[in-house]
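Student: I have a model open and some terms I do not follow. Can we work through them?
Tutor: Yes. Let us set each value against its cut-off.

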Number of protein chains: 2
Amino acid sequence: MTVTETDAADVAAEPDVCASVEAPRIRPGGQTHYTISEVAAACGLSAHTLRWYERIGLMPHVDRSHTGQRRFTDRDLEWLGLVAKLRLTGMPVADMVRYAELVREGEHTFPDRHALLVATREDVRRRIAELRETLAVLDYKIDMYAALRPPENTERTA
Amino acid sequence: MTVTETDAADVAAEPDVCASVEAPRIRPGGQTHYTISEVAAACGLSAHTLRWYERIGLMPHVDRSHTGQRRFTDRDLEWLGLVAKLRLTGMPVADMVRYAELVREGEHTFPDRHALLVATREDVRRRIAELRETLAVLDYKIDMYAALRPPENTERTA
DNA sequence: TACGGACTTCGAGCGCACTCCAGGCAAGCG
DNA sequence: CGCTTGCCTGGAGTGCGCTCGAAGTCCGTA
């Protein structure tokens with residue numbers, strides 16, 4: 001139980017899982033801090049959005065150079081990878097901020113985080129099921145239109 | 001080729017496919033027109049939203065009672081079923097309006113409609129793939145949190 | 001005939017997730 | 001030294017998809 005809050009954050013950021021998801025380590029040469037524009041290019045978000053994410057508490061605290069410029073770490077990139085994934089599931093930004101708060105609060109929020117992730121997973125599963133239904137409808141309609149217009153297909157296949 | 005524009009719209013609305021998707025025929029007694037609040041209750045949209053859909057051209061023209069009140073048909077319900085499905089794939093309303101316009105323009109837009117549906121299907125497939133990736137990440141993280149907190153699981157399973 | 005409730009139109013307002021702008025600072029270069 | 005480039009901040013603006021309100025009409029029941 002010598003785990004500090006920082007360690008807890010480490011665990012939550014999960015270097016390994018995110019490493020397999022979003023490529024960190026933009027600079028292979030041991031350099032592990034990046035400017036905002038490098039990060040923007042790497043993760044597909046605008047610099048504006050990255051600053052905004054920090055302002056609303058979605059970034060777990062980015063450190064600065066001696067002149068006040070943001071210096072993102074590999075861990076930040078990993079976190080952004082997770083955020084990007086969750087975003088495109090339709091998860092509201094407010095919910096992700098909530099998760100980020102739990103991470104900042106430390107190790108005692110593990111159960112809450114676990115519960116939040118489980119709920120999110122259920123959401124994702126539901127969405128996948130919905131999309132599959134929609135896919136079935138689209139397939140049906142596409143077949144119908146194809147069947148209605150065979151003249152275009154009259155170029156014989158051999 | 002005696003198909004009129006109305007017939008083309010029929011084809012586009014596809015009674016059969018939508019019948020299998022969204023239950024039409026709220027009133028089984030041969031009555032096939034519904035007030036706005038009946039439709040709202042049936043499809044989960046608000047009456048406001050239904051009027052707004054009509055205003056922006058997303059509804060294929062709803063007919064009215066002698067006093068000017070909307071009278072939705074089973075075909076309208078079927079169309080709304082499709083719209084609902086497409087909406088929750090993230091398809092922008094503007095794109096669905098485009099599709100509705102193609103339907104109104106008649107039979108000669110069959111190829112365009114076909115193409116639009118095919119493109120949409122690709123979109124849906126991509127989204128499903130994304131969601132599956134996200135699911136994998138969530139599974140991984142959930143397992144991690146579960147492994148980190150075995151004390152809670154110590155209630156032996158037998 | 002009076003009343004409550006559901007409907008009509010048009011237009012304004014809202015919440016979300018960015019997106020952009022103005023004004024300013026710091027570093028690098030010819 | 002001046003110029004350019006990249007970053008900083010705070011706050012205003014944008015686009016989308018609804019959502020609501022006001023003011024009026026119509027319908028059914030007592």
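Tutor: This is a predicted model. Start with Arg87(B): a polar atom of its side chain lies 3.0 Å from a phosphate oxygen of DNA strand D.

Student: What makes that pair of Arg87(B) and the phosphate oxygen a polar contact?
Tutor: The cut-off is 3.5 Å between N or O atoms. The pair lies at 3.0 Å, so it is a polar contact.

Student: How do you know that Ser37(A) and Arg64(A) make polar contacts with DNA strand D?
Tutor: Use that cut-off again. Ser37(A) has a polar side-chain atom 2.5 Å from a phosphate oxygen. For an N or O atom in the side chain of Arg64(A), the distance to a phosphate oxygen is 3.2 Å. Both values are within 3.5 Å, so both pairs count.

Student: Which element gives the largest share of the surface near DNA strand D?
Tutor: H4(B), with 4 residues. By class, that surface has 5 nonpolar, 8 polar and 5 charged residues.

Student: Now the helices. Why are H6(B) and H7(B) called roughly antiparallel?
Tutor: Their axes cross at roughly 155 degrees and come within 9 Å. Angles over 145 degrees count as roughly antiparallel. The pair is therefore roughly antiparallel.

Student: Which residues make the contact?
Tutor: H6(B) brings Arg98(B), Tyr99(B), Leu102(B) and Val103(B). H7(B) brings Asp112(B), Arg113(B), Leu116(B) and Leu117(B).

Student: How many of these residues are nonpolar, polar or charged?
Tutor: The contact has 5 nonpolar and 3 charged residues, with no polar ones.

Technical notes. Residues are numbered from 1 along each chain as its sequence is written. Chains are lettered from A and ligands numbered from 1 in the order in which they are written. This is a predicted model: local features need pLDDT of at least 70, side-chain atom pairs count only at pLDDT 80 or more; totals for chains, interfaces and linings use all residues. Side-chain values use heavy atoms; hydrogens and water are left out. Axes are lines fitted to C-alpha atoms, for helices over the stretch in contact, and angles run from 0 to 180 degrees between N-to-C directions. Helices (H or I, at least four residues) and strands (E, at least two) are DSSP runs, numbered from the N terminus. Angles under 35 degrees count as roughly parallel, over 145 as roughly antiparallel, 65 to 115 as roughly perpendicular and the rest as oblique. Contact means heavy atoms within 4.5 Å. Ala, Val, Leu, Ile, Met, Phe, Trp, Tyr, Cys and Pro count as nonpolar, Asp, Glu, Lys and Arg as charged, and the others, Gly among them, as polar. A polar contact is a pair of N or O atoms within 3.5 Å; within protein, one must be able to donate a hydrogen and the other to accept it, and residues adjacent in sequence count only if both atoms are side-chain atoms.
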